Amino acid sequence: MKQSHQSKKFTKIFVPLLIVLAATLAACGAPPAEGTLRIGMQPILATDPATISSDAEVLVASSVYDYLVDVDAQSNIVPRLATSWDVSDDGLTYTFTLAEGVEFHDGSAFTAEDVVWTFDRLRDEDLGFTTSSLYSNIADITATGELEVAFTLENTNPFFLYDLSDNHALVLKTGTEDADTHFNGTGPFKVENYSPEDRLDLIANENYFIEGQPKLARIEMIFFSEENAMVDALRGGQLDLVMRMTTALFESLQDEAGINTFAVPTNGFDLVRLRSDRAPGNDPRVIQALKLATDRQAILELVQQGYGAIGNDSPIGPLYGPYHDPAVTPPARDVAAARALLAEAGYADGLSLTLHTPDSGGRPDLAAVLKAQWAEAGVEVEISVEPESVYYGDDGWLEVDLGITGWGSRPYPQFYLDVMLVSGAKWNESHFSDAEFDALAALAGSTLDEGERIQAYADIQQLLVERGPVIIPYFFAQFGAIRDTFTGFEMKAFPGRSDLRTISITQ
Amino acid sequence: MVSRIRTLAETKSAASKWGRRFLDSVRTIYSRPATAFGASVVLLFVLLAVLGPLIAPYGANQQIPADARQAPSTAHWFGTDHLGRDVFSRVVIGTRDILSLAGTGTLLSVVMGTSLGLLSGYRGGWFDELLMRFFDSLLAMPALLLALLLLGTLGPSRQGVLLVIVVVYTPIVARVVRSVVLAIKTKGFIEAARVQGESAGRILFREILPSVLPALAVEAALRFSYAIFLAASLGFLGVGVQPPSPDWGLMVNEARRTFSQVPWALYFPAAAISLLVVGVNLAADGLKQVLLKAD
């Protein structure tokens, strides 16, 4: 009796204790999210994934929502909501298997229908999102099971998975109508508080479908409109992570204690292009002379302080691995040859041009250096600097004869050819039209034979060096800095796509 | 008529009288340290403007890649900027640009403002009313806003900045002149001239203008300092003179982006702007003292 009383007491006290202990141990299997990361960034304007564009907007959206497939820092396609996929032999049907046990932040279950609804929304021409042209090649999207979805294409597209990982392709819940004011995603973080133009606070989604992620308990995104102020706040300890800054600010952080800096090579570039459909650019000798008068190494040293990589007048940069042919390079600088070509073209007494440039990044500097370099070949340049929003705002940039344009980094090169250089393309700023080029670009963008594509890209680079309308002097690097108490961060070429799920705090 | 024929002795004494007055003025200027400082600064910058390209060791847009981002040294007194341009040379060569731009602008606004002010004050009536209300409407807008509006329409250029200075400062000069005219116009000697049948032009320019001159000179000097500031501000905002010209405001703007790395590229042009504006202001203040005393 006494014994049994003792035993009862034992049960009463120790069983709950054991349960608590077991629960604690179980939780230790996946350490709980902890720590706060404070990120400084530009204020966000758009929050609906279909309309985001800036780094900050994409960073917020890709933390709250998930992509079907994602791209890692080395530009490889990796699973996210889709755990695996099959491509039919004809290359036209992609079938995705989706992750199990995924929930939206409001507690509802994620299904294949949400994927269908999201991509139907993005490709709907009536809604007019920029993705509608990107996805115009999709014939049909069908939920073939609770957690299985099939995309059928009209024509083969070897880069379709990259298209599916487009910045805007974040999966929303079926029927979402208030994506611009509410944040109901499946993503690793939930929005706790958003004060426009001030800050946005995120807390870890404890039901996130990937075990052990996110590792941080909280992320505070603090908005700065001034880069200098942002970097000063990092230096002063009010921020932990800053992405995208000028070379000068990056250099100034090199000796700062407790801060790790990184320069990430990208395929982003500034290009100088001459309209090829009217004088003086309709004489191919003129752009050839400008190319000969350009010292790319000096430009890289002065404008980018040596960060990044030399460009060779083609957007297919060194980051694209086998697609980039390092053997194709423009001829070395030769001022005398440039002068001779200009004389042949009827500009023996020199040529006067106005060089238009947006006021952002190193573009005005690039203009100033080109002015000095080309002057030696008898080309007189007058520089016209315009605010970026004005320059790109009214399509004036597509009209001017000679202009500088910045192009962001993309995970694959076909994009640049299709929108910038193919005859009649939407952003064909140089008004370039070359039948051989068009055929090569079409081949590269559709063939399923990788060897054939590599050859086509090599031919395109050769063609652009010989008669292309653009000078691409460099590919720029992207800069970032993070406090050294954090690990597991890898910045991507487009900083807004950097993965915040894997960052953890060490102390 | 007889009185107009001067004897040699009279001419001599007149010359020595002017000489005395000039010496007196110089003495007055240099008896006040602030004015002396201001006048010396203005003199220094005028010298730089005249001799600029001779003094500057490098070209304004000469890029020396190997020397980029160097701190001030004996080779580069003010250091070099991010594109390897010698900051000292750019500041020196830029002196002529800003002085000629602000000077021409001030001169034009003074000439136009004086003519309009004289006419408006003397004529009065509907002309005066219309002109003054129009000027009021221009003055109601902050100078910089008006400037941005104009340059936004015209597109950024040196001529645009000149026009802006004239549009912004003509009304101010005109109002100052007009107020002096209003005070003088009722005085006896003007009445007398009118009764004598002198033409309006003669009365305006021979009788009234001399009385306006002291106030006008002070106003012109002040306008000059504001014009320097306005031109530099517009350059800084990127709507004025276009790169790569060595405009001080533009230099400050460009250097702002690289400030954390090459701060001297910002310090020197910014200091030049401040020094010149303060110098002109102090000199204008001194001029006011001299002319008031003379009055």
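In what order do the strands of the open sheet of 4 strands in chain A lie? The order is β4-β5-β7-β6, and the pairing is antiparallel. Before I continue, let me state that this is a predicted model.

I shall stay with this sheet of chain A for a moment. Its edge strands are β4 (82-87) and β6 (138-145), each of which pairs on one side only. From one strand to the next, the twist averages 20 degrees. Strand β5 of chain A, residues 93-98, runs antiparallel to strand β7 of chain A, residues 148-153, and 5 bridges join the two. As one example of the register, T97(A) in this pairing has E148(A) of β7(A) as its bridge partner. A helix also belongs to this picture: α3 of chain A, residues 112-123, lies across β5, β6 and β7 of chain A. Relative to β6(A), helix α3(A) runs at about 165 degrees.

I turn now to a parallel arrangement in chain A. Strand β14(A), residues 351-358, pairs with β15(A) in the parallel sense over 8 bridges. Within β15(A), V381(A) is the residue that stands opposite L353(A). Between these two strands the chain passes through α11(A), giving a β-α-β crossover that is right-handed. Strand β14(A) has a parallel pairing with β16(A), residues 402-407, as well, over 2 bridges. There, L355(A) is matched with L402(A) of β16(A) as its bridge partner.

The elements α11(A) and β15(A) appear again at the contact between the chains. How many residues does each chain bring to that contact? Chain A contributes 19 residues and chain B contributes 16 residues. On the side of chain A that touches chain B, at least two residues come from each of α7 (247-252), α9 (296-303), α11 (363-375) and β15 (379-386). Of the elements of chain A, α11(A) gives the most to this side, with 6 residues. Sorted by class, this side of chain A holds 10 nonpolar, 4 polar and 5 charged residues. Thus the helix of the right-handed crossover from β14(A) to β15(A) is also the element that gives the most to the side of chain A touching chain B.

Let me conclude with chain B and the packing of its helices. Helix α6(B), residues 158-185, packs with helix α8(B), residues 200-237, at an angle of about 155 degrees, and their axes are 9 Å apart. Angles over 145 degrees count as roughly antiparallel, and α6(B) and α8(B) are therefore roughly antiparallel to each other. Their crossing is right-handed. From α6(B), the residues making the contact include V161(B), V168(B), Y169(B) and I184(B), while α8(B) supplies, among them, S211(B), E219(B), R223(B) and L234(B). The contact of α6(B) with α8(B) comprises 20 nonpolar, 1 polar and 2 charged residues.

Helix α8(B) has a further partner in helix α3(B), residues 87-123. These two pack at an angle of about 145 degrees, with axes 8 Å apart. The crossing of α3(B) and α8(B) is right-handed too. In this contact, residues of α3(B) including G103(B), G105(B), T106(B), S109(B) and Y122(B) meet residues of α8(B) including L204(B), R223(B), F224(B) and A232(B). By class there are 16 nonpolar, 5 polar and 1 charged residues in the contact of α3(B) with α8(B). One residue of α8(B), R223(B), takes part in the contact with α6(B) and in the contact with α3(B).

Methods. Residues are numbered from 1 along each chain as its sequence is written. Chains are lettered from A and ligands numbered from 1 in the order in which they are written. This is a predicted model: local features need pLDDT of at least 70, side-chain atom pairs count only at pLDDT 80 or more; totals for chains, interfaces and linings use all residues. Two residues are in contact if their C-beta atoms, placed from the backbone, lie within 7 Å. Ala, Val, Leu, Ile, Met, Phe, Trp, Tyr, Cys and Pro count as nonpolar, Asp, Glu, Lys and Arg as charged, and the others, Gly among them, as polar. Two strands pair if DSSP finds at least two bridges between them. A crossover is right-handed if, with the strands pointing away from the viewer, the path from the first strand over the helix to the second runs clockwise. Axes are lines fitted to C-alpha atoms, for helices over the stretch in contact, and angles run from 0 to 180 degrees between N-to-C directions. Angles under 35 degrees count as roughly parallel, over 145 as roughly antiparallel, 65 to 115 as roughly perpendicular and the rest as oblique. A crossing is left-handed if the near helix is turned anticlockwise from the far one by less than a right angle, and right-handed if clockwise.
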